[in-house]
2 protein chains.
Amino acid sequence: MRLSTRGRYGTRALLELALHQGEGPVLLRDIARKQEISLSYLEHLITPLIAAGLVASTRGPKGGVMLAKPAEEIRLNEIIYLLDGPIAPVECVNSKKACARSEKCAPRDIWQELRKAMNDILSSITLKDLASRQIAKEEFEGTMYYI
Amino acid sequence: MRLSTRGRYGTRALLELALHQGEGPVLLRDIARKQEISLSYLEHLITPLIAAGLVASTRGPKGGVMLAKPAEEIRLNEIIYLLDGPIAPVECVNSKKACARSEKCAPRDIWQELRKAMNDILSSITLKDLASRQIAKEEFEGTMYYI
DNA sequence: GTATTGTTGACCAACATAGTCTACAATAAT
DNA sequence: ATTATTGTAGACTATGTTGGTCAACAATAC
Ligand code: FES
Ligand code: FES
């Protein structure tokens with residue numbers, strides 16, 4: 001029952017972007033450094049986010065990446081989905097065909113409840129919310145933010 | 001965000017036992033057949049459950065395994081924990097030391113909410129509940145149960 | 001044109017998953 | 001006591017996933 005680094009790193013990278021929204025493109029290198037993610041790895045993580053239209057990128061000098069839409073329009077479940085695939089704890093929760101007898105499987109109902117609970121939480125939180133939380137944490141401590 | 005087969009198979013195996021509670025030892029072979037789990041694999045899954053005192057086993061002819069305590073005293077989170085380890089979506093949710101700066105990580109709060117939600121669900125359901133659900137499903141269909 | 005940035009894809013080491021197979025230990029029935 | 005029957009333990013393995021690295025390439029500001 002583990003979230004992969006992809007989802008976590010991606011979330012952190014986007015949080016970073018949310019915190020710098022409106023300041024123009026941010027260098028991948030800077031995100032990588034601040035979040036302590038390997039640059040080469042981050043490159044891979046950012047790709048699907050660009051493809052999905054969450055992130056806009058510009059190449060060349062003064063280039064970088066930035067959020068392609070307001071932080072309040074990006075929900076965490078989107079991010080996780082793009083990087084880790086469906087939230088489902090088991091295949092059959094999404095596609096009945098995965099397990100042969102999904103029709104009469106009591107455990108399956110439980111897995112579905114799990115899925116729903118997770119999805120409800122993740123889809124209730126926007127990047128904006130996350131950024132606000134982060135800022136609150138930092139102000140409380142009075143230090144430079146880091147994640 | 002996936003539950004491994006261990007947790008799923010284990011749950012199904014225990015459900016099977018719950019449905020046969022009070023009928024004496026059930027053969028591993030029978031569980032394996034009914035649940036379509038490889039016997040050799042099931043043997044591995046049952047071991048930690050025995051060690052944890054959820055299941056009692058007797059060897060030799062007329063042997064087999066059975067629930068070591070009433071089905072209403074076994075909660076799903078126990079089973080999952082024994083077979084899949086901590087529910088935590090990320091390390092740092094359990095042990096702060098896993099991530100260096102867990103103190104000021106907003107995402108971490110989210111992961112903790114996720115953990116709590118999952119745990120709440122799993123710990124609210126006992127094997128007895130699961131068995132009842134299963135029986136209800138079968139009666140509704142009027143067929144032999146299978147999972 | 002050149003330095004700078006993102007983009008792509010090939011490649012890889014380590015680990016986890018989902019098993020199999022074999023030898024062994026206990027015990028009930030005879 | 002022997003034997004057939006059951007669970008127990010451990011070594012082994014094949015496959016996939018994770019979490020990367022590296023090098024070549026494409027776009028663009030200057
Ligand atoms: S149907 Fe997929 S777990 Fe039972
Ligand atoms: S502290 Fe572990 S994800 Fe941020």
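**Figure 1. Contacts within chain A of the predicted model.** Among the contacts in chain A with a separation of 6 or more, 63% join residues 24 or more positions apart. The structure shown is a predicted model. Chain A holds seven helices and two strands, and its elements follow the order α-α-α-β-β-α-α-α-α from the N terminus. The C-alpha trace of chain A spans about 55 × 35 × 25 Å along its principal axes. Of the 147 residues in chain A, 46% are buried. The area exposed by chain A is about 7,100 Å², of which carbon and sulfur atoms supply 52%.

**Figure 2. A:Ala51 in helix α3 of chain A.** A:Ala51 has a relative accessible area of 68% and is therefore exposed, the cut-off being over 50%. The C-alpha atom of A:Ala51 is 9.6 Å from that of A:Leu82, and the two residues are 31 residues apart along the chain.

**Figure 3. Relation between chain A and chain B.** A turn of 180° with a shift of 0.0 Å along the axis lays chain A on chain B with an RMSD of 0.0 Å. This is the relation of a two-fold axis. A:Met1 has the C-alpha nearest the axis in chain A, at 2.8 Å from it. Both copies use the same surface, as 100% of the contact residues of chain A recur in chain B.

**Figure 4. Protein residues around DNA strand C.** DNA strand C has 28 residues around it, and A:Leu28, A:Ser57, B:Thr5, B:Ser38 and B:His44 come nearest. Of the atoms of DNA strand C that come within 4 Å of the protein, 63% belong to sugar and phosphate. By class, the residues of this surface are eight nonpolar, 13 polar and seven charged.

**Figure 5. Polar contacts to the bases of DNA strand C, with the elements that line the strand.** An N or O atom in the side chain of A:His44 is 3.2 Å from a base oxygen of DNA strand C. In the side chain of A:Arg59, an N or O atom is 3.3 Å from a base nitrogen of DNA strand C. A:Gly60 places a backbone N or O atom 3.2 Å from a base oxygen of the strand. Two or more residues of the surface near DNA strand C come from each of α2 (28-35), α3 (39-51) and β1 (55-58) of chain A, and from each of α1 (5-19) and α3 (39-51) of chain B. With four residues, α3(A) gives the largest share of the surface near DNA strand C.

**Figure 6. Protein residues around DNA strand D.** The residues surrounding DNA strand D number 27, and the closest are A:Thr5, A:Ser38, A:His44, B:Leu28 and B:Ser57. Sugar or phosphate accounts for 65% of the atoms of DNA strand D within 4 Å of the protein, and bases for the rest. The surface near DNA strand D consists of eight nonpolar, 12 polar and seven charged residues.

**Figure 7. Polar contacts to DNA strand D, with the elements that line the strand.** A polar side-chain atom of A:Tyr9 is 3.1 Å from a phosphate oxygen of DNA strand D. Bases of the strand are contacted from both chains: a polar side-chain atom of A:His44 lies 2.9 Å from a base oxygen, and one of B:Arg59 lies 3.3 Å from a base nitrogen. At least two residues of the surface near DNA strand D are supplied by each of α1 (5-19) and α3 of chain A, and by each of α2 (28-35), α3 and β1 (55-58) of chain B. The element that gives the most to this surface is α3(B), with four residues.

Note on methods. Residues are numbered from 1 along each chain as its sequence is written. Chains are lettered from A and ligands numbered from 1 in the order in which they are written. This is a predicted model: local features need pLDDT of at least 70, side-chain atom pairs count only at pLDDT 80 or more; totals for chains, interfaces and linings use all residues. Side-chain values use heavy atoms; hydrogens and water are left out. A residue is near a molecule or strand if one of its heavy atoms lies within 4 Å of it. A polar contact is a pair of N or O atoms within 3.5 Å; within protein, one must be able to donate a hydrogen and the other to accept it, and residues adjacent in sequence count only if both atoms are side-chain atoms. Ala, Val, Leu, Ile, Met, Phe, Trp, Tyr, Cys and Pro count as nonpolar, Asp, Glu, Lys and Arg as charged, and the others, Gly among them, as polar. Buried means under 20% relative accessible area, exposed over 50%, partly exposed in between (1.4 Å probe, protein chains only). Contact means heavy atoms within 4.5 Å. Accessible areas come from the Shrake-Rupley method with a 1.4 Å probe; for residues, only the protein chains shown count as cover. Copies are superposed by least squares on the C-alpha atoms of residues with pLDDT of at least 70 in both.
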